[in-house]
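Student: I should like a close look at a single part of this model, namely its largest pocket. Please describe the pocket and then connect its lining to the elements around it.

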Amino acid sequence: IKQARLSKALEIPGIEIPLPKGLKSNQVLNFLQKTSPLIFQKFDELKTLYETSKDKALFLKTEIASQSLEMISKAIKNAFAKAINDDAIFALLEISDDFLSWLKTIDDKDGYLMVRSTGAEDSRKAANAGGNESPSYVPAKKEDLLKAIGDVISSYFGVGSLQNRINAQINPFEEKLLLAVTCQELIGEPVGGSKNPLDVPISLVAFSNEPLYVADEKFRVMRISA
């Protein structure tokens, strides 16, 4: 959103930044509390067990933790699966008409979505890269979007995401649940590829502070990989 505002203010020709849409954390929390209260019951049970665990680093590998997380994952995915075909359940998500109109606009031009994780991400305390799902090339249709959102939110309770935080000496069961999801119009080449280089956008990763320089250097290195 900041990039879109900046490019508009600078009036840079040829630059277009599609604004994202999303579900707020409270939206998702309220939806799951109404449709699958078992999720939070199981998560609270894990919190109690984790606090009394003697080997917290290996806690997620225990049978009871594995079973509970699997139950949570299935419950989340089932809740969003039911919302696909049941209008009453879908209404509990409180998705705005503006969101649905935006979705139809992308679908009408055969576009795709990137459904991005905005849960517990990288922070000063922990690196959670790869811990959460961010599916790409999601068709801009209600059923595909809901499935992708369910997959993303399920990953917030996954072993990968939780273990990354445990490894950083964080108790993930004490943290406030961050369940938001961001949806963006995907900017990519046509499915199947393209022979015309102009149809292939250039992707880049920019580091304002090169992560390989992490000691006490008196300088910073910027790196841009395109």
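Tutor: In this predicted model, the largest pocket holds about 900 Å³ of space. Its lining is made by 26 residues, and those nearest the centre of the pocket are Q3, Q184, I187, I202 and L204. Three elements give two or more residues each to this lining: α1 (2–10), β2 and β4. Of these, α1 gives the most, with three residues. Sorted by class, the lining comprises 16 nonpolar residues, five polar residues and five charged residues.

Two of the contributing elements are strands, and their setting deserves attention. Strand β2 covers residues 112–117, while strand β4 covers residues 181–185. The two strands run antiparallel and are joined by five bridges. Within this pairing, M114 is found opposite Q184 of β4. Q184 is also among the residues that lie nearest the centre of the largest pocket, so named residues of the sheet and of the pocket can be followed together from here.The pair belongs to an open sheet of four strands, in the order β1-β4-β2-β3, with antiparallel pairing. At the edges are β1 (21–23) and β3, each of which pairs on one side only. On one side of the sheet order, β1 is joined to β4 by three antiparallel bridges. There, K21 has C183 of β4 as its bridge partner. Towards the other edge, β2 pairs with β3 (residues 138–139), again in the antiparallel sense, over two bridges. In that pairing Y112 stands opposite P139 of β3.

Two helices pack on this sheet. Helix α6, residues 97–108, touches β1, β2 and β4, and its direction makes about 35 degrees with that of β4. Helix α7, residues 142–156, touches β1, β2, β3 and β4, and its direction makes about 20 degrees with that of β2. Both strands named above as contributors to the pocket lining, β2 and β4, are touched by α6 and by α7.

These two helices also meet at an enclosed space. The search of the whole structure finds one cavity of 30 Å³ or more, and the largest cavity holds about 40 Å³. It is lined by F90, I95, F99, L100, L103, K142, L145 and L146. At least two of these lining residues come from α6, and at least two from α7. The cavity lining has seven nonpolar residues, one charged residue and no polar residue. The lining of the largest pocket, by comparison, includes five polar and five charged residues beside its 16 nonpolar ones.

A further open space should be set beside the largest pocket. The second largest pocket contains about 260 Å³ of space. It is lined by 15 residues, of which L186, I187, G188, E189 and P190 lie nearest its centre. I187 is also listed among the residues nearest the centre of the largest pocket. By class, the lining of the second largest pocket has eight nonpolar, two polar and five charged residues.

Another helix contact may be added for context. Helices α2 (residues 25–35) and α4 (residues 63–85) pack with their axes 10 Å apart and at an angle of about 95 degrees. The angle falls in the range of 65 to 115 degrees, and α2 and α4 are therefore roughly perpendicular to each other. The contact is formed by F31, L32 and T35 from α2 together with I76, A79, F80 and A83 from α4. Six of the contact residues are nonpolar, one is polar and none is charged.

As for the whole chain, its secondary structure comes to eight helices and six strands. Their succession along the sequence is α-β-α-α-α-α-α-β-β-α-α-β-β-β. The C-alpha trace spans about 60 × 55 × 35 Å along its principal axes. To return to the request, the largest pocket takes two or more lining residues from each of α1, β2 and β4, and the two strands among these are joined to each other by five bridges.

Definitions and conventions. Residues are numbered from 1 along each chain as its sequence is written. This is a predicted model: local features need pLDDT of at least 70, side-chain atom pairs count only at pLDDT 80 or more; totals for chains, interfaces and linings use all residues. Side-chain values use heavy atoms; hydrogens and water are left out. Two strands pair if DSSP finds at least two bridges between them. Axes are lines fitted to C-alpha atoms, for helices over the stretch in contact, and angles run from 0 to 180 degrees between N-to-C directions. Angles under 35 degrees count as roughly parallel, over 145 as roughly antiparallel, 65 to 115 as roughly perpendicular and the rest as oblique. Contact means heavy atoms within 4.5 Å. Ala, Val, Leu, Ile, Met, Phe, Trp, Tyr, Cys and Pro count as nonpolar, Asp, Glu, Lys and Arg as charged, and the others, Gly among them, as polar. On a 1 Å grid over the protein atoms alone, a cavity is a set of points where a 1.4 Å probe fits but cannot get out, and a pocket is an open set with protein on both sides within 12 Å along at least five of seven lines; lining residues have an atom within 4 Å of a point. Grid points are joined across faces, edges and corners, and a volume is the space filled by probe spheres set on the points.
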